[in-house]
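Reader: Hi! I'm new to this one and would love a friendly tour. Can you pull it up for us?

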Amino acid sequence: MTEHQRVLRTEIPGPASRALQERRGAVVAGGVSSVLPVYVKSADGGLLTDVDGNVLIDFGSGIAVTNVGHNVPAVVDRVREQVANFTHTCFMIAPYEGYVEVCEALAELTPGDHAKKSVLFNSGAEAVENAVKIARVATGRQAVVVFDHAYHGRTNLTMALTAKSIPYKHGFGPFAPEVYRVPGSYPFRDGLGGAEAAAIAIDRIEKQIGGDQVAAVVIEPIQGEGGFIEPAPGFLPALSEWCEANGVVFVADEVQTGFCRTGDWFASSRENVVPDLIATAKGIAAGLPLAAVTGRAELLDAVPPGGLGGTYGGNPVACAAAIGSIETMRAQDLAAGARRIEETVVPRLRALAEKTGVIGDVRGRGAMLAAEFVKPGTTEPDAALTGRIAKACHAAGVVVLTCGTYGNIVRLLPPLSLSDALLDEGLSVLEQAVIEESSK
Ligand SMILES: *Cc1c(COP(=O)(O)O)cnc(C)c1O
């Protein structure tokens, strides 16, 4: 049984976790890493219980996946029922209702009131990759525009779309052609307004690629792995308008930002941007592998039958989890839950920035929040301090993740239903870690 509080019974990781880590070392590929090698036994209500009986506060949600929590009844019951009924037929052979129901929900929940269709996959990378396939067929063009600090996945095409070399791309080339990278909007570092930053990106596209060559612009409305970078207001609308004027498919990669994470069902809608295609995954099904491309019906229908799919895409158990997750998000109004987290966390991080001088920027929306660590009085990234702070939090039983091109961002992605008490306690641990580590 998970107790509803943080409990430290051993050092972190404890002896049972260390024993498992040793077994792992013999058989699990070294290329797969773990942020915090505590082996989980159960998880509940924003708490992870490990094999040593330690109970940790989860500020990571498995990278923005368990938005509704780790084991809510609406998901567990539907999954149980579906598993007992049947686990797989392959939608491309003999279809079933759950797939259709998920596509109906996506049509309703994603931005815009035009006719929408969806196709389901297993992972975020697969969704982004298929969005590009669809855009290329629909436009008859090949070029794809992506941005500095972008992260879109680890498959061959999405590695090409991703910006950061180590660890995502290094040594894995050759990469897919016809991918072009342009500057985005990073207010803390470029100091530009949204319209100005968009003008620079658009000028680059027009001069170096040619607007009529571009099939798709692929963008995260708030960049995830690249550093929780929220573009300056006006940037996304300007890009979206340019796409519309030039027959370019605007693809929002909402794999991390989707499903109430940023305080809206989807982050694009904050500035009334209506993407032509939207890629979703992470938060969609509480951890069961599911992803989707949703968008204008005429785009989704541009690919002839058989051109899209996959053996497991839209697996019935994953669809049952998605239906249960979406039901929970609606019933508990988890978009509001995310905004409540923002209201608690942001003032405390701002106060911490003031007090310590090592946080250059506090940003993000909803329950996708970050502190960017710098050498005091500069914008010079401090990755070493960031790493020490994360380690100190882990040792104290709070799971925080880092990210960013410069490795200097602590990011917070708690489950959207996390209790005020656990949120407060986790934040106190983080505050103490920042104060102690920054004074060393
Ligand atoms: C995680 C992520 C992906 C890749 O998703 P996977 O399910 O890991 O393939 C793509 N885009 C964004 C924005 C992500 O955060």
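Reader: Thanks! Let me start with a residue I clicked on: is Val28 buried, partly exposed or exposed?
Author: Happy to help, and do keep in mind that this is a predicted model. Val28 is partly exposed, because its relative accessible area is 38% and that class runs between 20% and 50%.

Reader: Cool. Where is Val28 found?
Author: Val28 is in the loop between helix 1 (15-27) and strand 1 (40-44).

Reader: And which residues form a nonpolar patch on the surface there?
Author: That patch is made by Val27, Val28 and Val32, and together they have about 270 Å² of accessible area.

Reader: Let's zoom out. How many helices and strands does the chain have?
Author: There are 14 helices and 15 strands in the chain.

Reader: How does its radius of gyration fit with a compact globule?
Author: The chain has 21 Å, and a compact globule of 440 residues would be near 22 Å, so the two agree. Buried residues account for 54% of the 440 residues.

Reader: What about contacts between residues far along the sequence, how many join residues at least 24 apart?
Author: If you take contacts between residues at least 6 apart in sequence, 73% of them join residues at least 24 apart.

Reader: Switching to strand 3, which of its residues are buried?
Author: Val55 and Ile57 are buried on one side of strand 3 (residues 55-58), and Leu56 and Asp58 are buried on the other, so both faces are covered. In a regular strand the side chains alternate between the two faces of the sheet.

Reader: Nice. Which strands pair with strand 3?
Author: Strand 2 (residues 47-50) runs antiparallel to strand 3, with 3 bridges joining them; Leu48 has Leu56 as its bridge partner. Strand 13 (residues 398-399) pairs with strand 3 in the parallel sense over 2 bridges, and there Val398 is the bridge partner of Ile57.

Reader: What's going on with Gly53 in that hairpin?
Author: The hairpin of strand 2 and strand 3 has 4 residues between the strands, and Gly53 takes a positive phi near 85°.

Reader: Last stop, Thr280: buried or exposed?
Author: Thr280 is in strand 9 (residues 277-280). Its relative accessibility is 1%, so Thr280 counts as buried.

Reader: What is Thr280 in contact with, leaving aside neighbours within four places in sequence?
Author: Its contacts include Leu106, Ala127, Glu254, Phe259 and Ala291.

Technical notes. Residues numbered from 1 in each chain as written. Predicted model: local features only at pLDDT ≥ 70, side-chain atom pairs only at ≥ 80, totals over all residues. Heavy atoms only, no water. Patch = residues over 30% accessible without salt bridge, like charges linked within 9 Å, V, L, I, M, F, W, Y side chains within 5 Å. Areas by Shrake-Rupley, 256 points an atom, 1.4 Å probe, with all protein chains shown as cover. Salt bridge = Lys/Arg side-chain N within 4 Å of Asp/Glu carboxyl O. Buried < 20%, exposed > 50% of the residue type's maximum accessible area, 1.4 Å probe, protein only. Rg over C-alpha atoms; globule rule 2.2 N^0.38 Å. Contact = heavy atoms within 4.5 Å. Pairing = 2+ DSSP bridges.
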